[in-house]
Amino acid sequence: MKPVLAPSILSADFGHLARDVNTVVDAGAEWVHVDVMDGHFVPNITIGPVVTRAVRAATDKTVDVHLMIEEPDRYLKAFVEAGADRVTVHQEACVHLHRTVHRIRELGASPGVALNPATPLGTIEDVVADIDLLLVMTVNPGFGGQAFISSMVDKVRRARALLPADREVVLQVDGGIDERTAPLVVDAGANSLVAGSAVFRHREGAAEGVRAILRALPGSGGTE
C-alpha cells in the first residue's frame, strides 16, 4: 500500500470545517483523521459523533476515527453510524480488546488498535490477526503540536515486522509528523501518516502543508 496522509481535523478551523476538509483532500490527502478525546483517558476534550457526521458529509474519502477515550465500547455504534470508515481504539482503554475489535467489524467499520509510546508491542500480539490497522503513537496522546519521540522509529520498524505478511494491515503513526519525520517513519514501514499542525498550521496554508509532506516521502520524486 502506498503511504497515505490523514490530516487530523484537531488542528482545523472548526468554523470552516467542510472547507478545510475539502482543501486537504483536493491537495492529495486520501484519509481524514478525527481525533476524539474525553478528558479522562487523555487530559484534553475534543469532539464526538456530531462532528464526525459533518466530516462524513464533507467528503467521500476515508473517515478515520481515533478514539482516545475510556470505555470506547459504549460509543462504537454512534461513531460508525456517524460515518466512520475506520475506528481505532487504544489497547490501554480496552479491558476486552478482542471483543471490542470484533464489535467494530460487526458494526461495519474497519478495526484498528493504538498503542501509547510506553506500551509494548507484545500487548497486541494476540489480536494482530483480527485488526486492519495498528497505530503507533509517536507522541503521548492528548494534545496537538507535540514534538516527535524519535525512539518510536524503531518501534514502528518492529511493529511492521510483527504484522502478518499474508494480508494488508495498515501501520499508522500519529504525533509530530511533518516534512522531516514523515520519511523516517515511512522508511521504517509506516503507510498511514496522521498530521495535524504540520498541515493546518503550515505557513503557506493547509494545501501546501499536505503537498510538502507528500513531496518529502521516499519515492515521491520531490526535493523536500
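**Note on pockets, salt bridges and a buried aspartate**

1. The second largest pocket encloses about 220 Å³ of space, and, as with everything that follows, this value comes from a predicted model. The residues that line this pocket are Lys2, Pro3, Val4, Leu5, Gly28, Glu30, Leu214, Leu217, Pro218, Gly219 and Ser220. By class, the lining of the second largest pocket divides into six nonpolar, three polar and two charged residues.

2. Pro218, one of the residues lining the second largest pocket, can also be placed relative to Leu184, since the two are 34 residues apart in sequence and their C-alpha atoms are 9.1 Å apart in space. Leu184 itself belongs to helix 6, which spans residues 182-187, and with a relative accessibility of 37% Leu184 counts as partly exposed.

3. The largest pocket holds about 300 Å³ of space. Its lining is made up of 28 residues, and those closest to the centre of the pocket are Gly144, Gly145, Gln146, Gly175 and Gly176. Among the elements that contribute to the lining of the largest pocket, strand 2 (31-37), strand 8 (192-195) and helix 7 (197-200) each provide at least two residues. When the lining of the largest pocket is sorted by class, 13 residues are nonpolar, 11 are polar and four are charged.

4. Which residues are in contact with Asp130, leaving aside its neighbours within four places in sequence? They are His98, Val101, His102, Arg105, Pro111 and Arg167. Asp130 is found in the loop that runs between strand 5 (110-115) and strand 6 (133-137). A reader inspecting this site should note that Asp130 is buried and yet has no salt bridge, the nearest side chain of opposite charge being that of Arg167, at 6.7 Å. The absence of a salt bridge follows because that distance of 6.7 Å lies outside the cut-off, which asks for a nitrogen within 4 Å of a carboxyl oxygen.

5. Elsewhere, the structure contains 12 salt bridges, and one of these joins the side chains of Asp85 and Arg56, with a separation of 2.7 Å from N to O. Asp85 sits in the loop between helix 3 (76-81) and strand 4 (86-90), whereas Arg56 sits in helix 2 (residues 49-58), so this pair ties together parts that are 29 residues apart in sequence. Both partners are partly exposed, Asp85 at 32% relative accessibility and Arg56 with a relative accessible area of 23%.

6. A salt bridge within a helix is formed by Lys77 and Glu81, whose closest N and O atoms are 3.9 Å apart. Because Lys77 and Glu81 are four residues apart in helix 3, about one helical turn separates them. In terms of accessibility, Lys77 counts as partly exposed at 45%, while Glu81 is exposed, with a relative accessible area of 51%.

7. Glu71 and Arg74 form a further salt bridge, in which the closest N and O atoms are 4.0 Å apart; this pair deserves a careful reading, because the criterion is a nitrogen within 4 Å of a carboxyl oxygen. Glu71 is partly exposed at 48% relative accessibility, and Arg74, at 59%, counts as exposed.

8. Finally, Asp13, Arg19 and Asp20 are linked to one another in a network of salt bridges.

How values were computed
Residues numbered from 1 in each chain as written. Predicted model: local features only at pLDDT ≥ 70, side-chain atom pairs only at ≥ 80, totals over all residues. Heavy atoms only, no water. Buried < 20%, exposed > 50% of the residue type's maximum accessible area, 1.4 Å probe, protein only. Lys, Arg positive; Asp, Glu negative; His and termini not counted. Contact = heavy atoms within 4.5 Å. 1 Å grid on protein atoms, 1.4 Å probe; cavity = no way out; pocket = protein on both sides within 12 Å on 5 of 7 lines; lining within 4 Å. Points joined across faces, edges and corners; volume = space filled by probe spheres on them. Nonpolar A, V, L, I, M, F, W, Y, C, P; charged D, E, K, R; others polar.
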